[in-house]
Amino acid sequence: MDQNMQVPFSSFLPMERKLGAQLQEAFSRVLKRSWYITGPEVTAFEEAFAAYCQVPCCVGCGNGLDALMLILKALGISEGDEVIVPSNTYIATALAVTYVGAKPVFVEPDIRTFNLSGKGLEEAITERTRVIMPVHLYGQPCDMDPIMEIAQKHHLLVVEDCAQAHGATYHGQKVGTFGIAAGFSFYPGKNLGALGDAGAAVTKDPELAAKIRALGNYGSDYKYHHIYLGNNSRLDEMQAAFLGVKLPYLDEMNEARREIAARYLSEMHNPQVILPFVQEGVTPVWHIFGVRCKNRDALETWLNRRGITTNKHYPIPMHLQKCYEDLGFCRGDFPVAEEISDTELSLPMYYGMTDEEIGKVVEAVNSFS
């Protein structure tokens with residue numbers, strides 16, 4: 001094995017080698033057409049992504065945060081309402097709630113999966129609770145059966161955050177199809193990534209989709225006619241064209257990630273490193289391969305010195321972020337989220353990793369002490 005070989009945390013080069021010519025053609029097509037907003041590329045991608053997700057409606061948005069925010073806004077979630085979110089997630093999940101004037105209510109995830117599982121949900125429900133927002137973090141589907149049962153029992157809406165889980169399934173059903181609607185991010189590093197910021201909301205409800213679309217277009221249902229106090233958050237033609245090129249290859253690229261994860265899971269045997277837990281009946285898409293280690297910083301240094309780039313998701317939990325200090329939380333209030341934040345380390349994971357690169361990561365993790 002080449003000891004001088006560098007292993008990046010992520011790389012777009014294999015994807016670019018495979019799809020570069022098609023992406024260039026898509027760019028030229030949009031440029032030649034001179035139609036950049038709400039045109040045929042957006043329509044074609046929305047239809048294709050809705051079919052992929054197995055729902056009738058998809059609305060392109062500016063990014064994943066906006067997708068979630070517009071869904072909540074379209075559902076009438078506002079000041080005085082509460083939305084349950086996991087205590088361990090990227091802050092965009094909570095920001096979407098805050099942006100519509102509601103209050104994010106944090107619930108601890110399962111320490112094994114980092115996801116909501118139903119445990120603790122009922123204790124967090126109050127008379128103001130309107131929505132449960134499960135996050136399929138790292139591309140691992142949440143345990144949706146108990147979540148949906150609790151939501152139905154208490155007459156609550158479910159809005160899924162699928163920003164990291166394009167194509168993941170729970171007992172054969174695509175994530176994003178369990179609740180009233182779901183938000184996706186197409187940030188470049190996602191499994192299905194644009195070449196800039198982009199996102200989408202998907203739903204089975206055509207009326208809700210129409211409202212989401214209007215809210216993201218200045219609250220307008222047709223030009224110069226504004227029925228809502230809306231926002232400007234639209235998927236543009238160029239990003240839609242790029243996504244249209246990449247979508248047909250998403251399953252292939254997700255399968256490549258599963259093969260990398262399978263090697264990691266079968267070949268890593270360091271007792272100091274806790275590997276991801278995969279619940280029975282779920283098919284992850286491994287946006288992130290996050291391990292836990294009590295000596296996380298030492299493991300990070302060990303790997304980095306051997307040319308292996310890593311990342312931490314997410315080193316400061318939401319309840320300890322300065323922007324949420326008004327909620328009054330302090331260290332110790334959400335020990336599971338804090339444990340994950342203090343011990344999680346993300347290993348290289350991307351389409352096109354070579355066997356030698358995977359082997360170097362495995363060897364370095366196993367030799368850490």
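Biologist: What makes up the area that the chain exposes?

Modeller: The chain exposes about 15,900 Å², of which carbon and sulfur atoms supply 52%; accessible areas come from the Shrake-Rupley method with a 1.4 Å probe, and for residues only the protein chains shown count as cover. This is a predicted model, in which local features need pLDDT of at least 70 and side-chain atom pairs count only at pLDDT 80 or more, while totals for chains, interfaces and linings use all residues. Residues are numbered from 1 along each chain as its sequence is written, and side-chain values use heavy atoms, with hydrogens and water left out.

Biologist: Why is Cys61 called buried or exposed?

Modeller: Buried means under 20% relative accessible area, exposed over 50%, and partly exposed in between (1.4 Å probe, protein chains only); Cys61 has 1% relative accessibility, so Cys61 counts as buried. Cys323, at 46%, therefore counts as partly exposed. Buried residues make up 57% of the 369 residues in the chain.

Biologist: How do you know how many disulfides the structure holds?

Modeller: A disulfide is a pair of cysteine sulfur atoms within 2.5 Å, and the structure holds 0 of them. The closest cysteine sulfur to that of Cys61 is in Cys58, 7.9 Å away, which is too far for a bond. For Cys323 the closest is in Cys330, at 16 Å, again too far.

Biologist: What makes the radius of gyration agree with a compact globule?

Modeller: The radius is taken over C-alpha atoms, and the globule rule is 2.2 Å times the number of residues to the power 0.38; for 369 residues a compact globule would have a value near 21 Å, and the chain has 21 Å, so the two agree.
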